[in-house]
Amino acid sequence: MNRVPSPPRQVIAVRPKPIIKAFVRTIVFAVIAATFLLAIVLINELLLKWAGREVVGAVSLVLERPDRSGGFEHVAYYTYSYPGEGPREDHSLINWDAYHRLKRPFVSAVGRPDDLRFPVDAPGQLAIRAYRIGPLRYSRAVEHEWGSILLVVSGVLLPAGMLLSFTLYLAAIVRPRQQRELYVSGTAVEGITTDKNRMTTKGGYVYILRYTFTPAKQGMTPYSTSMMLAREEFEAAQPGQAVTILYDPMKPKRSTIYEYGGYRFV
């Protein structure tokens, strides 16, 4: 068995490389951020649906501008009054039907202007749905370009995003911290490798090494478990090999093989 210093121990990571670790963490936090955004969208859509009121907005300007997909989007600028408070200005995407209706007064034999600016004393009219909850204010055209798709998409994707976020956070953040903690303060005993197996997956191969050890506490029975290895480590490992096991004395099944766990004592 390797010489094991007394805890707490100073350790250094030998894999994965720092740049790979940083890249993986960036992906994890990007997924979490996207999931958080989906949650905000869903909450906003539910508030708009169940707590919102429909009012009439006075349209002052309608714009047609290029969107990111190479087409055009239409935006209406309007003023509306929510019950119990004064006028508020806002803007919203509108669908083609609303745009077509609002542009009619501007169409003539010579065409129409790019910006549809209504006279102050004769604004256009647009149905607006709005809610007010404490300091929160939100409004949107009833004839929004995306309609109810935001509610449907966010409702469908949020559970998947939450599950993916939890899985990635557990695999990329929690498990590496637990692994490092085994090196820092885990109990060390001698173990032995019993078997190794290469499993085929859609993404390639997964390399598994099984091992057994007996916790140092008197009366404890042997534990048999496994861990994943890098391909080079898998090829070097042999069944029947004596190894150093680091385990959590409170949860003996949480363990690792010192030689293949990704860290080294300083």
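The bend at a residue is the angle between two fitted axes, one through the seven residues that end there and one through the seven that start there. The exercises below apply this and related terms to a predicted model.

**Exercise 1. Describe the course of helix α3: what span should its residues give, and where is its kink centred?**

Solution. Step one is to fix the limits of the helix, which runs over residues 149–185. Step two is to compare the expected and actual spans: at 1.5 Å a residue, the 37 residues of α3 should span 54 Å, and because the C-alpha atoms at its ends are 51 Å apart, the two values agree. Step three is to look for a bend along the way, and here α3 shows a kink of about 40 degrees that is centred on Leu170.

**Exercise 2. Determine which residues of α3 are buried, what they pack against, and whether Ser165 and Val156 are buried or exposed.**

Solution. Begin with the cut-offs, by which buried means under 20% relative accessible area and exposed means over 50%. Among the buried residues of α3 are Ser154, Leu158, Gly161, Ala172, Ile173 and Tyr183, and the buried residues of this helix pack against β1 (11–13), α1 (18–50), β11 (242–248), β12 (251–257) and β13 (263–265).

Next take Ser165, which lies in α3 and is buried because its relative accessible area is 8%. When its neighbours within four places in sequence are left aside, Ser165 is in contact with Val31, Ile32 and Thr35. The C-alpha atoms of Ser165 and Ala34 are 9.3 Å apart in space, although these two residues are separated by 131 residues in sequence.

Finally turn to Val156, also found in helix α3, which counts as exposed because its relative accessibility is 56%. Val156 belongs to a nonpolar surface patch of about 540 Å², to which Trp146, Ile149, Val152, Val153 and Leu157 also contribute.

**Exercise 3. Work out which parts of the chain are tied together by the salt bridge of Glu45 and Arg140, and state whether each partner is buried or exposed.**

Solution. Side chains of opposite charge can pair when their charged atoms come close. The cut-off to apply is a side-chain nitrogen of Lys or Arg within 4 Å of a carboxyl oxygen of Asp or Glu, and by this rule the count comes to 10 salt bridges. In one of them, the side chains of Glu45 and Arg140 meet with an N to O distance of 2.6 Å. Glu45 lies in helix α1 and Arg140 in strand β7 (residues 136–141), so the pair ties together parts that are 95 residues apart in sequence. Glu45 counts as buried, since its relative accessibility is 6%, and Arg140 counts as buried at 7%.

**Exercise 4. Locate the partners of Arg112 and Arg132, and find which residues are linked in a network.**

Solution. Arg112 forms a salt bridge with Glu64, their closest N and O atoms being 3.2 Å apart. This pair links distant parts of the chain, with Arg112 in the loop between α2 (96–103) and β5 (115–117) and Glu64 in strand β2 (residues 53–66), 48 residues apart. Both are partly exposed, with relative accessible areas of 30% for Arg112 and 28% for Glu64.

Arg132 pairs with Glu85, the closest N and O atoms lying 3.5 Å apart. Because Arg132 lies in strand β6 (residues 124–133) and Glu85 in the loop between β3 (72–81) and β4 (87–94), the pair ties together parts that are 47 residues apart in sequence. A network of salt bridges links Glu85, Arg132 and Arg137.

Methods:
Residues are numbered from 1 along each chain as its sequence is written. This is a predicted model: local features need pLDDT of at least 70, side-chain atom pairs count only at pLDDT 80 or more; totals for chains, interfaces and linings use all residues. Side-chain values use heavy atoms; hydrogens and water are left out. Patches are made of residues with over 30% relative accessible area and no salt bridge: like charges are joined within 9 Å, nonpolar side chains (Val, Leu, Ile, Met, Phe, Trp, Tyr) within 5 Å. Accessible areas come from the Shrake-Rupley method with a 1.4 Å probe; for residues, only the protein chains shown count as cover. Helices (H or I, at least four residues) and strands (E, at least two) are DSSP runs, numbered from the N terminus. Buried means under 20% relative accessible area, exposed over 50%, partly exposed in between (1.4 Å probe, protein chains only). The expected span of a helix is 1.5 Å times one less than its number of residues. Contact means heavy atoms within 4.5 Å.
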